[in-house]
Amino acid sequence: MNTKIKKYLPALIVLAIIAYSAVGLDYSEAKNISFPMIQSVIVGLFQPDWSFVYDGSGEDLVSLLLLTIGIAFLGTFIATFLAIPFTLLSAKNLWKSTGIVAKIGKFILNVLRAFPELVYAIIFVKMVGPGAFAGVLAIGAHQIGMLGKLYTEEMEGMDEKLVESMDAVGANFWQTMFFTRLPQLMPTYISLALNHFEIAVRSAATLGLVGAGGIGAPMIFAIQSRAWDKVGIILVGIIITVFVIDAVTGYIRKKLQ
């Protein structure tokens with residue numbers, strides 16, 4: 001009996017959590033949902049407003065998607081380089097004499113990646129004002145924590161034989177870093193940065209919801225005004241953008257292998 005209980009205990013715990021979550025939901029707003037409402041949403045989404053694709057105003061779909069990609073690219077580009085100093089601080093194999101430094105570095109990275117981009121965007125919008133700059137800072141701050149953690153794991157897991165060879169011929173810390181560690185890890189680091197650039201594009205698409213630039217602002221305005229045809233064309237643009245970026249970055253990652 002004890003064996004059977006232990007076997008099914010994880011499943012029972014999951015079911016109990018699901019049941020508790022379902023019971024705790026407020027279903028009072030469900031009465032406002034009607035078939036005509038659902039029909040209007042579906043019809044609008046599948047009849048996108050093609051006139052919004054490009055009109056030369058700078059507030060059309062193409063212009064805002066390019067702005068969104070720019071926010072994601074610049075934020076990831078900044079984070080790609082700023083994550084490296086945090087990696088040097090966090091990798092425990094670089095601080096064999098004292099582990100406290102690596103623990104402090106990892107703590108900083110955990111704090112940076114603990115908050116989603118939207119939270120950072122709200123903070124930076126209040127600090128520097130609404131616009132794309134706040135979005136870049138939000139993406140960058142979050143990605144430093146994410147990339148720094150991954151960079152640290154790769155640094156700690158790398159083959160130390162080449163490093164030992166450099167130490168044997170009298171190379172110092174920085175010579176070993178720039179001529180052995182970073183060249184060996186750089187293809188992996190670039191691949192990780194490209195992967196997170198894809199994620200950043202999707203994140204940047206929502207930052208406009210809080211005024212941090214990009215396609216999010218017109219999307220939330222269209223949803224609030226129930227302009228489902230405009231929402232539809234925005235979603236089409238985001239989907240195509242994500243697919244194209246995924247294909248391009250995937251091709252580059254294969255070349256790096």
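Which residues in H3 meet which residues in H10? Let me start there. This is a predicted model, so please keep that in mind throughout.

On the H3 side we have Leu61, Leu65 and Ile69. On the H10 side they meet Ile233, Ile234, Gly237, Ile238, Thr241 and Ile245. Sorted by class, that contact has 7 nonpolar residues, 2 polar and no charged ones. Now the geometry. The axes of H3 and H10 come within 11 Å, and they cross at roughly 45°. The two helices are therefore oblique to each other. The crossing of H3 with H10 is right-handed.

Stay with H10, residues 228-256. Next partner: H2, residues 35-45. Here the axes come within 7 Å, again crossing at roughly 45°. That makes H2 oblique to H10. H2 passes H10 in a right-handed crossing. From H2, the contact takes Ser40, Val41, Gly44 and Leu45. From H10, it takes Trp228, Asp229, Val231, Gly232 and Leu235. By class, the contact of H2 with H10 divides into 5 nonpolar, 3 polar and 1 charged.

Third partner: H9, residues 216-224. How do H9 and H10 pack, and how far apart are their axes? The angle is about 150°, and the axes are 8 Å apart. An angle over 145 degrees counts as roughly antiparallel, so H9 and H10 are roughly antiparallel to each other. Their crossing is left-handed. H9 brings Pro218, Met219, Ala222 and Ile223 to the contact. H10 brings Trp228, Lys230, Val231, Ile234, Leu235 and Ile238. The class count for H9 with H10 is 9 nonpolar, no polar and 1 charged.

Some H10 residues come up again. Ile234 and Ile238 are in the contact with H3 and in the contact with H9. Trp228, Val231 and Leu235 are in the contact with H2 and in the contact with H9.

Now the aromatics. A search of the whole structure finds 7 aromatic pairs. One of them is phenylalanine 73 with phenylalanine 197. The ring centres are 5.9 Å apart and the planes stand at 90°, so this pair is edge-to-face. Where do the two rings sit? Phenylalanine 73 is in H3, residues 61-90, and phenylalanine 197 is in H8, residues 173-207. They are 124 residues apart in sequence, so the pair ties together distant parts of the chain.

Buried or exposed? Phenylalanine 197 is buried, with a relative accessible area of 12%. Phenylalanine 73 is partly exposed, at 48%. Ring pairs also link Phe73 and Phe197 with Phe77 and Phe81 into a cluster.

Last stop: tyrosine 151. It lies in H6, residues 132-157. Its relative accessible area is 0%, so tyrosine 151 is buried. What is it in contact with, leaving aside neighbours within four places in sequence? Thr80, Ala83, Ile84 and Thr87 are among the contacts. So are Tyr189, Leu192 and Ala193. For scale, take valine 119. Tyrosine 151 and valine 119 are 32 residues apart in sequence. In space, C-alpha to C-alpha, they are 24 Å apart.

To recap the packing on H10: H3 is oblique to it, H2 is oblique to it, and H9 is roughly antiparallel to it.

Terms used. Residues numbered from 1 in each chain as written. Predicted model: local features only at pLDDT ≥ 70, side-chain atom pairs only at ≥ 80, totals over all residues. Heavy atoms only, no water. Axes fitted to C-alpha atoms, helices over the stretch in contact; angles between N-to-C directions. Helix = DSSP H or I, 4+ residues; strand = E, 2+ residues; numbered from the N terminus. Parallel < 35°, antiparallel > 145°, perpendicular 65-115°, else oblique. Left-handed = near helix turned anticlockwise from the far one by under 90°. Contact = heavy atoms within 4.5 Å. Nonpolar A, V, L, I, M, F, W, Y, C, P; charged D, E, K, R; others polar. Phe/Tyr/Trp six-rings, centres within 6.5 Å; stacked < 30°, edge-to-face > 60°. Buried < 20%, exposed > 50% of the residue type's maximum accessible area, 1.4 Å probe, protein only.
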